[in-house]
Amino acid sequence: MEQEVMQAIRAELESNIDAKYREFHSSLVPGQNCRILGVRIPVSRRIAKAIARDHYEVYTEQFNPEVYEELLIRGMMIGYGKLTREEQTAELDRFVPMINSWGICDSSCATCHFMKKDQEYWYGYLQKWLKSSREYEIRFGVVCLLDFFINEAYIDAVLEEMKKIHHDGYYVKMAVAWAVSICYIHFPEKTQKLLKENSLDDWTHNKTIQKIRESLRISKEEKEMLKTWKR
C-alpha cells in the first residue's frame, strides 16, 4: 500500500511536466543533485497539500527523493500538515539540512505560515539556522525572517540579525539584500540607519540598494538619493 502511494505521487508529478518550465527553472537553480521534472509551483503546492492531508507519514517514512519536486514537496508539506508545534520543529530539524538550492528553500519557507503565530518561539528557533555555517541553512533563516517577521514587533531584531550575518555564499548575500530591501519598503527610516552604518559588506550593500531602487513603491526622488549611497 505504501509503495502504491509513492508510485501514485510520482505519476502525478510526471503527468504535470512542463518542458518549457523545466528548461527555464533548471537555468535558475544550477547544481542540482536531483533531476528537475519541470512541475510548476502551483501544481507542486496542490500535490503537497493533498499529501500533507492524506499521506503525511507514508511520504516522510518512504522519502527517498529522486527528483527535485519530491524534495520541494517534502518542504512544503511542513506548512500544510496538521502538526503540533513540536512536530513542526522536529520536521524542520529534519528538512532544513536537506535544502540544496534557493528554490527549495524559498518555496518551503513560504508555506511556514505557522511562524506568524507564537512569534517569540519561532524567532528563537530560527537562531540556530542564522548561526549555521551552511549556505542554505542560513538562507532558510533569513527568508523566514523576511516572510514572517518584518513587522513592528520584530523589525529592530531583524535588522540586527542582518548585520550579524557574514558568509561568502552567494545565496546568503542575495537573501540578506532581499530582506533588507523589504525592511526598507516597510520601515525606511530604521533601514536607512542600517545602511548608513555600513555594517553590510560592499556587495550586499550595493545589491540591497539595487533591489530597493527596483521597487515600484519607492519614489523617483528617493531612488536618486539611494543611488548616491552605493559604494
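This passage walks through the overall fold, one helix pair and the open and enclosed spaces of a predicted model.

Starting with the big picture, the protein chain comes out with 14 helices and zero strands. Read from the N terminus on, then, the run of elements is simply α after α, right to the end. As for overall dimensions, a box of roughly 60 × 40 × 30 Å, taken along the principal axes, is filled by the C-alpha atoms of the protein chain. The radius of gyration of the protein chain is 19 Å, which agrees with the value near 17 Å that a compact globule of 231 residues would have.

One helix pair is worth a closer look. Helix H11 covers residues 170–186 and helix H12 covers residues 188–197; the two pack with their axes 6 Å apart, at an angle of about 135°. Angles over 145 degrees would count as roughly antiparallel and those from 65 to 115 as roughly perpendicular, so H11 and H12 are oblique to each other. On the H11 side, the contact is made by Val180, Cys183, Tyr184, Ile185 and His186. Their partners in H12 are Pro188, Thr191, Gln192, Leu194 and Leu195. Sorted by character, the residues of this contact between H11 and H12 come to seven nonpolar and three polar, with no charged ones in the set.

Next come the pockets. The largest pocket has a volume of about 180 Å³. Its lining is made up of Gln3, Met6, Gln7, Arg10, Tyr59, Gln62, Phe63, Asn64, Glu66 and Glu70. Helix H1 (residues 2–14) gives the largest share of that lining, with four residues. The lining is a mixed bag in chemical terms: three nonpolar, four polar and three charged residues.

The second largest pocket has a volume of about 160 Å³. Around this pocket sit Leu28, Trp102, Asp106, Arg139, Tyr170, Tyr171, Met174, Trp178 and Lys211. Two elements give two or more residues each to the lining, namely helix H7 (102–109) and H11. Of these, H11 provides the largest share, at four residues. Here the lining splits into six nonpolar and three charged residues, with no polar ones.

Finally, there is the enclosed space. A search of the whole structure turns up one cavity of 30 Å³ or more. About 70 Å³ of space lies in this largest cavity. The residues that line the cavity are Met162, Lys163, Ile165, His166, His167, Val172, Lys173, Val176, Ser199, Leu200, Asp201 and Thr204. Helix H10 (155–164) and H11 are the elements that give two or more residues to this lining. Once again H11 comes up with the largest share, this time three residues. By class, the cavity lining holds five nonpolar, four polar and three charged residues.

Taken together, H11 keeps turning up: H11 packs against H12, gives the largest share of the second largest pocket's lining, and does likewise for the largest cavity.

Conventions:
Residues numbered from 1 in each chain as written. Predicted model: local features only at pLDDT ≥ 70, side-chain atom pairs only at ≥ 80, totals over all residues. Heavy atoms only, no water. Axes fitted to C-alpha atoms, helices over the stretch in contact; angles between N-to-C directions. Parallel < 35°, antiparallel > 145°, perpendicular 65-115°, else oblique. Contact = heavy atoms within 4.5 Å. Nonpolar A, V, L, I, M, F, W, Y, C, P; charged D, E, K, R; others polar. 1 Å grid on protein atoms, 1.4 Å probe; cavity = no way out; pocket = protein on both sides within 12 Å on 5 of 7 lines; lining within 4 Å. Points joined across faces, edges and corners; volume = space filled by probe spheres on them. Rg over C-alpha atoms; globule rule 2.2 N^0.38 Å.
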